[in-house]
Amino acid sequence: MIKFFRKIRQNLLNEGKTSKYFKYAIGEIFLVVIGILIALQLNDWNDARKNQNYEQEILLLINQNLENDSIVLTDRLKKSKQANILTDQLLEQVALGNYGDSLNYWMGKIICFERFKSQSSAFEVLKSKGIETISNNELQLVLISYYDEVLYNVYQAFNDVETSFKADWHPVIKQEFSDFKWREYCKPTDSKAFFETPSNLTFFKLYKDNRLGNVTNIELALEKISEIKKLSKTTKND
């Protein structure tokens, strides 16, 4: 009988130890889980911080590229507008029968063309990383619009002017001008005959139309650049 009670007592002691071990194991598992969750949270926080830093860095580079685009486009816009103003003045003088030397210098600013190449290296890097790197969805759309749509139209407009120059004006320069200096002057061999040739006056009008398209697209590009800069500042402040 004594042995029986001793056995019961030993079993109770063993059960107590098992219960303690079980509670201890549960506690250890809980601590491990908490540790893992904290580590994951810290990792997510680090990733978010790295992404935010990268976003700000790439936006800084994009804005530097856009600043260069803005400077060049502003210069091209000024020259295109000047050419169109001088075209109107030239046609007015020709209509009055005035063929003075001043027209030769005006033609120097008219009978030429401009070229443009956007600085888009930063945007290309962003695309390779993923446009979703930019947290502002509106900014994403504006960037895509500028680089994939607006710039395409700008390039086409510049190309139209250059193509018109090569097709229309280049033969005239070789055949009817006695002297020519790029952006300086164009001197016809016979000014009266040159300005009284209807096809030559038509070239001036067509060229102005092409430049008007160029002006419109450059202005749209500059507006889009301003919009991107504004949204970039908002994203940075956020």
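**Exercise 1. Decide whether D75 is buried, partly exposed or exposed, and find its charged partner.**

Solution. The model is a predicted one.
Step 1: D75 has a relative accessibility of 28%. Buried would require under 20% and exposed over 50%, so D75 counts as partly exposed.
Step 2: The side chain of D75 forms a salt bridge with that of R76, at 2.6 Å from N to O.
Step 3: Side chains of opposite charge can pair when their charged atoms come close.

**Exercise 2. Locate the two residues of the salt bridge between E219 and K81, and state how far apart they are along the chain.**

Solution.
Step 1: The side chains of E219 and K81 meet with an N to O distance of 3.2 Å.
Step 2: E219 belongs to helix α6 (residues 198-237), while K81 belongs to helix α1 (residues 2-95). The two are 138 residues apart, and the pair links distant parts of the chain.
Step 3: E219 is partly exposed at 31% relative accessibility. K81 is also partly exposed, with a relative accessible area of 37%.

**Exercise 3. Describe the setting of the salt bridge between E124 and K127, then name the residues joined into one salt-bridge network.**

Solution.
Step 1: The N to O distance for E124 and K127 is 3.7 Å. A salt bridge must fall within 4 Å, so this pair qualifies.
Step 2: Both residues lie in helix α3 (residues 121-129), where 3 residues separate them, about one turn of the helix.
Step 3: E124 is partly exposed at 42%, and K127 is partly exposed at 40%.
Step 4: Elsewhere, D75, R76 and K79 are joined into one network by salt bridges that share partners. The whole structure has 12 salt bridges.

**Exercise 4. Explain why C112 and C186 are not counted as a disulfide.**

Solution.
Step 1: A disulfide is a covalent bond between the sulfur atoms of two cysteines. The cut-off for counting one is a sulfur pair within 2.5 Å.
Step 2: The closest cysteine sulfur to that of C186 is in C112, 8.0 Å away, which is too far for a bond.
Step 3: The count of disulfides is therefore 0 under the 2.5 Å cut-off. C112 is in no disulfide.
Step 4: Are these cysteines buried or exposed? C112 is buried at 0% relative accessibility, and C186 is likewise buried at 0%.

**Exercise 5. Identify the central members of the largest nonpolar core and the helices that supply it.**

Solution.
Step 1: This core has 27 residues, and those touching the most other members are I62, L73, L143, Y146 and Y147.
Step 2: Helices α1, α3, α4 (137-176) and α6 each give at least two residues to this core. The largest share, 9 residues, comes from α4.
Step 3: Beyond its neighbours within four places in sequence, Y147 contacts I62, N65, L66, S118, Q119, S120 and F123.
Step 4: Another core, of 21 residues, lies apart from the largest core; L103, C186, F195 and Y207 are among its members.

**Exercise 6. Summarise the overall build of the protein.**

Solution.
Step 1: The protein contains 6 helices and 2 strands, in the order α-α-α-α-β-β-α-α along the sequence.
Step 2: Of its 238 residues, 34% are buried.
Step 3: Among contacts between residues at least 6 apart in sequence, 81% join residues at least 24 apart.
Step 4: The accessible surface is about 15000 Å², and 56% of this surface belongs to carbon and sulfur atoms.

Note on methods: Residues are numbered from 1 along each chain as its sequence is written. This is a predicted model: local features need pLDDT of at least 70, side-chain atom pairs count only at pLDDT 80 or more; totals for chains, interfaces and linings use all residues. Side-chain values use heavy atoms; hydrogens and water are left out. Helices (H or I, at least four residues) and strands (E, at least two) are DSSP runs, numbered from the N terminus. Buried means under 20% relative accessible area, exposed over 50%, partly exposed in between (1.4 Å probe, protein chains only). Contact means heavy atoms within 4.5 Å. Accessible areas come from the Shrake-Rupley method with a 1.4 Å probe; for residues, only the protein chains shown count as cover. A nonpolar core is a set of buried Ala, Val, Leu, Ile, Met, Phe, Trp, Tyr and Cys residues joined through side-chain atoms within 4.5 Å.
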